[in-house]
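Trainee: Please take me on a close look at the hydrophobic interior of this model, and then at what sits around it. I'd like the geometry with its cut-offs, not just the picture.

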Amino acid sequence: MSQKRDYYEVLGVAKSADEGEIKKAYRKLALKYHPDKNPGDSSSEDKFKEAAEAYEVLSNQEKKAQYDRFGHAGMGQGGFGGGMNMDDIFSQFGDIFGGGFGGGSFGGSRGGDRVVRGTNLRVKMKLTLEEIANGVHKKIKVNKLVNADGVTYKTCPTCNGSGRITRVTQTFIGAMQTQSTCHTCQGAGKVIDKRPADADAQGLKRQEEIIEVDIPAGVEEGMQLSVRGKGNSGPFNGVAGDLIVVVEEIEHEELRREGEHLHYDAVVNFADVVMGQSLEIPTVNGKAKIKIEPGTQSGKVLRLRGKGLPSVQGYATGDLFVHINVYTPSTITKEEREWMEKMQKSENFTPGAEAKSKGFFGKMKDIFS
C-alpha cells in the first residue's frame, strides 16, 4: 500500500489555512472527483476519498492539532479503506455542498437513505516505557452501543422519508426556502416500526466487545489514537463512530522521559570518580555499560546515542543521558575521618581555578560532548 500523502498537500492548502479555506479547497476537489461526475472511474473515487479523509482531519480542531504534532501516526488506524465507505462520506460531509448535486444534498440521489453516524467512544490506555519504545498490540474491552437484531423500520411520518424538513418563509424580496435535517429521524428518512425488548428507541443496545489496537512506537502522554468504526453504532441502523484511545504513560522506576530523550541519575561513590569505574545502567530495552573516566566531576553528563525513544513519526531515535552524581555519606568511621582529614590538607584534593570556573554552562556543554 502506498504511503499516505500529507493532508495539506492533498487539499492544496498551507498549514496556516483557516477553516473557510480548508472547506473551500475540499469542496472544490470533491466536486471535481465526485462519483456522479466520474461514473466508473476508480482513480477519481480514490481521490474523492483521499480528499474527504484530509478534510475530516483538518476541519476538526482537535484532530488537526493532533495531526500537526504527530503526522499520520497520530491519526491511529483505519482510514477510509478500513471501515468507512462512500455512504459514510455522504453522511458526514454532504451538507457543505448545498445544491451542488441532486436535491440539495451531497449525493442527493440517495434521498432518505442518509446514514446517521454514531458517537465516538473514548478510553484511556496505560502504557509502560518499554511498550512505548517498541510499539505494542493491545486488546481493549469496551461497552458500546450496537444495532440490535430484529429491529424493523418504516418511513418517517414527519419528513415522508426524505430525511429533511423544508420550510418556506415570506420575506420582502419574496419567498425563501430553507432545508434542515428532520428532527424525528435525524435525517435517516425512517423510524423504528418494531423493536425487541433489549433495544432502545433508536434500535440500539449495549454490548461488550473486544477491540484490538496497534499502538505505534514513540507515542506520548495525552496523545489520542483513532480506531475507525469501533465507536457507538449510529441510530436507525447507522454507521459506527470511532474509538478514541488516549495514551497515559506509566512512570518508569529509573528512567525519566523528555520527549524522545531519556535521563538516568547514576549515583556513584567518591572512589569511582577518582579512580574510574565501569558502571551498568538500565536502558528502555535492557542494560548498557558505561565507563566513568578517572577524575570525572559530579554533575558530568554522559550521552548514549540512540538509546532513547523513537520518534512517533519514525524520523529519528533519541538519546539516553546519564547524570553522574557523587554520593556523600552522612556518617563515617574514625579511620575514615582520619583519612579525610589528610585529604583536606592535600593540594591534589583542593579545587583549582578550573574547577571553580566550571559552572552551569560548563556542565551544559558536557551534555553534548
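Mentor: Start with the term: a nonpolar core is a set of buried Ala, Val, Leu, Ile, Met, Phe, Trp, Tyr and Cys residues joined through side-chain atoms within 4.5 Å. Buried here means under 20% relative accessible area, exposed means over 50%, and partly exposed is what falls in between, with a 1.4 Å probe and protein chains only. Keep in mind that this is a predicted model, where local features need pLDDT of at least 70 and side-chain atom pairs count only at pLDDT 80 or more, while totals for chains, interfaces and linings use all residues. Residues are numbered from 1 along each chain as its sequence is written, and side-chain values use heavy atoms, with hydrogens and water left out.

Now the core itself. The largest one holds 39 residues, and L243, V245 and V322 have the most contacts inside it. Take V245: skipping its neighbours within four places in sequence, V245 is in contact (heavy atoms within 4.5 Å) with V123, M125, I140, V213, M223, Q224, L225 and V227. Apart from that core lies another, of 20 residues, with V13, A25, A51 and Y67 among them. As background, nonpolar side chains tend to be buried together in soluble globular proteins.

Several of V245's partners take us to a strand. Helices (H or I, at least four residues) and strands (E, at least two) are DSSP runs, numbered from the N terminus. In strand β8 (residues 224-227), Q224 and S226 point one way and L225 and V227 the other, yet all of them are buried. Strands pair if DSSP finds at least two bridges between them; β8 and β9 run antiparallel and are joined by four bridges. In that pairing, S226 stands opposite I244 of β9.

Strand β9 (residues 243-249) also carries E248. The E248 side chain makes a polar contact of 3.0 Å with that of K126. The criterion is a pair of N or O atoms within 3.5 Å; within protein, one must be able to donate a hydrogen and the other to accept it, and residues adjacent in sequence count only if both atoms are side-chain atoms. Beyond four places in sequence, E248 is in contact with K124, M125, K126, L127 and E221. M125 turns up again here, having been listed for V245.

Further along the chain is R256, in strand β10 (residues 255-258). R256 counts as partly exposed because its relative accessible area is 41%. Its C-alpha atom is 9.5 Å from that of L129, although the two residues are 127 apart along the chain. Not counting residues up to four places away, R256 touches H261, L262, H263, D265 and H323.

For a hairpin, look at β12 (residues 277-283) and β13 (residues 286-292), which pair in the antiparallel sense over seven bridges. Two residues lie between these strands, and I281 stands opposite A288 in β13.

Back to the second core, and to rings. A pair of aromatic rings is described by the distance of the centres and the angle of the planes. Here, rings of Phe, Tyr and Trp (its six-membered ring) pair if their centres lie within 6.5 Å; planes under 30 degrees apart count as stacked, over 60 as edge-to-face and the rest as tilted. The structure holds four such pairs. One of them, Y7 with Y67, is tilted, at 4.6 Å centre to centre and 35° between the planes. This pair links distant parts of the chain, with Y7 in helix α1 (residues 7-11) and Y67 in helix α4 (residues 61-70), 60 residues apart. Y7 is buried at 4% relative accessibility, and Y67 is buried at 5%. The pair of F270 and F349 is also tilted, because the centres are 5.9 Å apart and the planes at 40°. F270 sits in helix α7 (residues 270-275) and F349 in the loop between α8 (334-344) and α9 (353-357), 79 residues apart. In contrast to the tyrosines, F270 is partly exposed at 35%, and F349 is partly exposed at 33%. Ring pairs also link Y7, Y8 and Y67 into a cluster.
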